[in-house]
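Me: I have a chain on my screen and would love a close look at one hairpin in it. Could you take me through that part slowly, and then show me how the rest of the chain is laid out around it?

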Amino acid sequence: MNPATGTKRLHLGRTPVASAESVIEVRRKAREVALALTNDPIVAGRLAAELSVFCRWGLAAAGAFALDWWLETNTTPRGIVLGFLPQGMAAETPKDLPGIHLGQWVAGPPMQLNYPLLATTPLPQDGILRDLVARLSRGELLTHLQHKNEELVQATELAQQAAQVKADFLANMSHEIRTPMNAIIGMSYLALDTDLSEEQRGYVEKVHRSAEGLLGIINDILDFSKLESDRMELEHIPFDLAELMDNLANLLGIKAEDKGIELLYATAPDVPMQLQGDPLRLSQVLTNIAGNAVKFTDAGEVIIGVQVHHRAGTQVELHFYVRDSGIGMDASQVDRLFQSFSQADTSMSRRYGGSGLGLTISKRLVELMGGRIWVESLPGQGSTFHFTVRLSAPDTAAIPALHDASVLHGVRALVVDDNPAASELLSKMLQQLGLVVEVANSGETALERLRDEGSTAPFALLLIDSKMPVLNGLDTVLRLRELQLPKPPAVVMVTAFGQYEVKDSALRRGVELQGVLTKPFLPSHLRKVVTAALSARVATVAALPASPARAAPVEKSDVAAALKGARVLLVEDNAINQALAKALLTRAGMEVVVANHGQEALDMLRADNRFDGVLMDCQMPVLDGYSATRAIRQEPAWNDLPVIAMTANAMASDKEKAFASGMNDHIAKPLNLQAMFSTMARWIQPGKRLRP
């Protein structure tokens, strides 16, 4: 309300006027507002033209100003009031000034122009008029967009600089930490293969496991960095799911055994074993989730299952789940699970350790593999983690043929296990093989069943858990001999311990076993053991896979044996890493010559051409590994000389840099012995290069 005149005014907006382009915008706005009020293009054109003259005068008089738009709503005819506010003057409702009207300009702020407009159409809604005043012109839009683009370019440059600084920092810290860790892990591995007292072995094992745990945290941080910068790339290569699950059992079996919990597999019979995808990342997700399940479970079992969720042609979507009987979580804890650097609550990181990145990384990896991840959990009742991944299964015949009618169909089997989940899973697998299965939950109950049915419909197969309360597996089998059954069953001992330990214990006590089955196992393993036990009725455990606890050292493996006799030039500036690598390679039967830096390596090669390969560190004084390799590749005589990076520079960019310099492959520190020997065997063949 204007107190002087009693008119009601509605503020429509403000337009800054600072240039000729601004005047054009004001003219356009005035015409649109007048048309909305009068629907008369002549009136609208006159208003726009005269307002254009006024704005040019304003620019000349004040340099820059703001134009306030007001609508008189209770006058006849209605009017548009335009307030002139020089730059820097506070905004206020314009006052009536006598003598100011259309076509007459009076200098001196504040000013107002009153344009009476005939109300030939209903008054538009307030919002429509405000939108007309607030709407940006094409020029204003372009200017606004240009400013935003400039801000975006600056922000992008700053973000890229920050990302590069972070990447450089992570790469440097990775190298600095991995170098001493390589010595800790490698030397403790060598120490464990020597004669140690029980107390000493316990100390060294703790050092070795702690170092491996620290390495896992470092790898988590590096993987998280790759995912954050969208640098994670997945492979698509053939792999064997059974082999992947075996490796998982070897990795987690000892931890589960130490805690006294069952580690079990539940694999559906239609799951194909021959697949194509990224086995390393799939194994990483399974290891993280199953490792957490073992960590947070103090009694009971951890079940790792896999099913076919969907299949179309050569594409298969697998559903993995990991079920535990651990501490469980409430809804608020579940909501925080997949957040970076967080666990279910702060006390868990103190009690159980961990970086809080594992599940975040697993979630991102699962999504990269075309799947999703979720969890079901209740406090005190355990948790079940689910995830799906999309893979290729090109060979449909790779689905295991579990049913063997000639040997297993209709065979009666008695499963003895005090753990209901373990006995249920084993029973289902046996039924899928064609056997008729019954269950007993203790050694005493099993003996009663065998005695009652021993003469009428005897059991042909007894699968019994080695570790049960009151009467364990071996004690039960000893008592079984006392029954003097006319057709005693073939006995397969099911154990979470190494099979050779069980076999040795059985031999010491005079117990004859027809098979040993190590948990966790796949249906294919079960069929092999059961078939051998029923067919031969003799101890056939030698045909079973080797126990992880008694597996041959990696340097005695077939892959390492292929390198025996090779002459290798080790280029390494760190004395401890020199000693470690030389010891590992020498134990595998290789001859090792050491150079302390790249220039020394070049001098040695020029004086002695009898090397089958070079293991090259990257960061060294005098001459680094990249420069040394480029110099090697410039010599025609060394074109076919394998040069393999063996370095703590483990980022993807480091591998690319190694390949660009002419290196054949990359081995990351700390050393994984199996991976190291496998990589070397791909390139190095003893005696292949001609020697003068």
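Reply: Happy to. Let's start at the turn: in the hairpin of S10 and S11, 5 residues lie between the strands, and glycine 380 among the residues of this hairpin takes a positive phi near 75 degrees. Please keep in mind that this is a predicted model.

From the turn, move to the two strands. S10 and S11 run antiparallel and are joined by 5 bridges. One residue to pick out in this pairing is isoleucine 373, which stands opposite phenylalanine 387 in S11.

Strand S10 covers residues 373-377, and its two faces differ: Ile373, Val375 and Ser377 make up the covered face, while Trp374 and Glu376 are on the uncovered one. Tryptophan 374 has a charged partner: the charged end of arginine 372 sits over its ring, 3.9 Å from the centre.

Now follow phenylalanine 387, the residue opposite isoleucine 373. How many aromatic pairs does a search of the whole structure find? The search finds 1 aromatic pair. Its members are phenylalanine 320 and phenylalanine 387; the ring centres are 5.1 Å apart and the planes are at 10 degrees, so the pair counts as stacked, the cut-off being under 30 degrees. The two rings link distant parts of the chain, with phenylalanine 320 in strand S9 (residues 315-324) and phenylalanine 387 in strand S11 (residues 383-392), 67 residues apart.

Are these two phenylalanines buried or exposed? Phenylalanine 320 counts as buried because its relative accessibility is 0%, and phenylalanine 387 is buried as well, with a relative accessible area of 0%. The cut-off behind that word is under 20% relative accessible area.

That is the hairpin; now for its surroundings. The chain has 692 residues, of which 47% count as buried, and its secondary structure comes to 21 helices and 21 strands. Among contacts with a separation of 6 or more, 72% are between residues 24 or more positions apart.

Further along the chain is an open sheet of 5 strands, with parallel pairing and the order S13-S12-S14-S15-S16. Its edge strands, each pairing on one side only, are S13 (436-440) and S16 (515-518). From one strand to the next the twist averages 20 degrees. At the S16 edge, 4 bridges join that strand to S15 (residues 490-495), and the two run parallel. Valine 494 has leucine 517 in S16 as its bridge partner. Helix H12 (residues 443-453) lies across S12 (412-416), S13 and S14 (461-465), running at about 160 degrees to S12. Another charge-over-ring arrangement can be found here: the charged end of arginine 412 sits over the ring of phenylalanine 459, 4.1 Å from its centre.

There is also an open sheet of 5 strands with the order S18-S17-S19-S20-S21, again with parallel pairing. Strand S18 (591-595) and strand S21 (665-668) are the edges, each pairing on one side only. Neighbouring strands in this sheet are turned by 25 degrees against each other on average, direction ignored. Helix H17 (residues 575-587) packs on the sheet and touches S17 (567-571), S18, S19 and S20; its direction makes about 165 degrees with that of S18. Inside the sheet, S19 (residues 613-616) and S20 (residues 643-647) run parallel and are joined by 3 bridges, and methionine 616 has alanine 645 in S20 as its bridge partner. Helix H19 (residues 625-633) lies across S19 and S20, at about 155 degrees to S19.

Earlier in the chain, glycine 253 has its place in helix H6 (residues 241-259). With a relative accessibility of 14%, glycine 253 counts as buried. Its contacts include Leu248 and Leu263, leaving aside residues up to four places away in sequence. Glycine 253 and leucine 263 are 10 residues apart in sequence, with their C-alpha atoms 6.8 Å apart.

A last point for the bench concerns cysteines. Searching the whole structure gives 0 disulfides. Cysteine 55 counts as buried, at 0% relative accessibility, and cysteine 618 is buried with a relative accessible area of 1%.

Key
Residues are numbered from 1 along each chain as its sequence is written. This is a predicted model: local features need pLDDT of at least 70, side-chain atom pairs count only at pLDDT 80 or more; totals for chains, interfaces and linings use all residues. Side-chain values use heavy atoms; hydrogens and water are left out. A disulfide is a pair of cysteine sulfur atoms within 2.5 Å. Buried means under 20% relative accessible area, exposed over 50%, partly exposed in between (1.4 Å probe, protein chains only). Two strands pair if DSSP finds at least two bridges between them. Axes are lines fitted to C-alpha atoms, for helices over the stretch in contact, and angles run from 0 to 180 degrees between N-to-C directions. Contact means heavy atoms within 4.5 Å. Rings of Phe, Tyr and Trp (its six-membered ring) pair if their centres lie within 6.5 Å; planes under 30 degrees apart count as stacked, over 60 as edge-to-face and the rest as tilted. A charge sits over a ring if NZ of Lys or CZ of Arg is within 6 Å of the ring centre and within 35 degrees of the ring normal.
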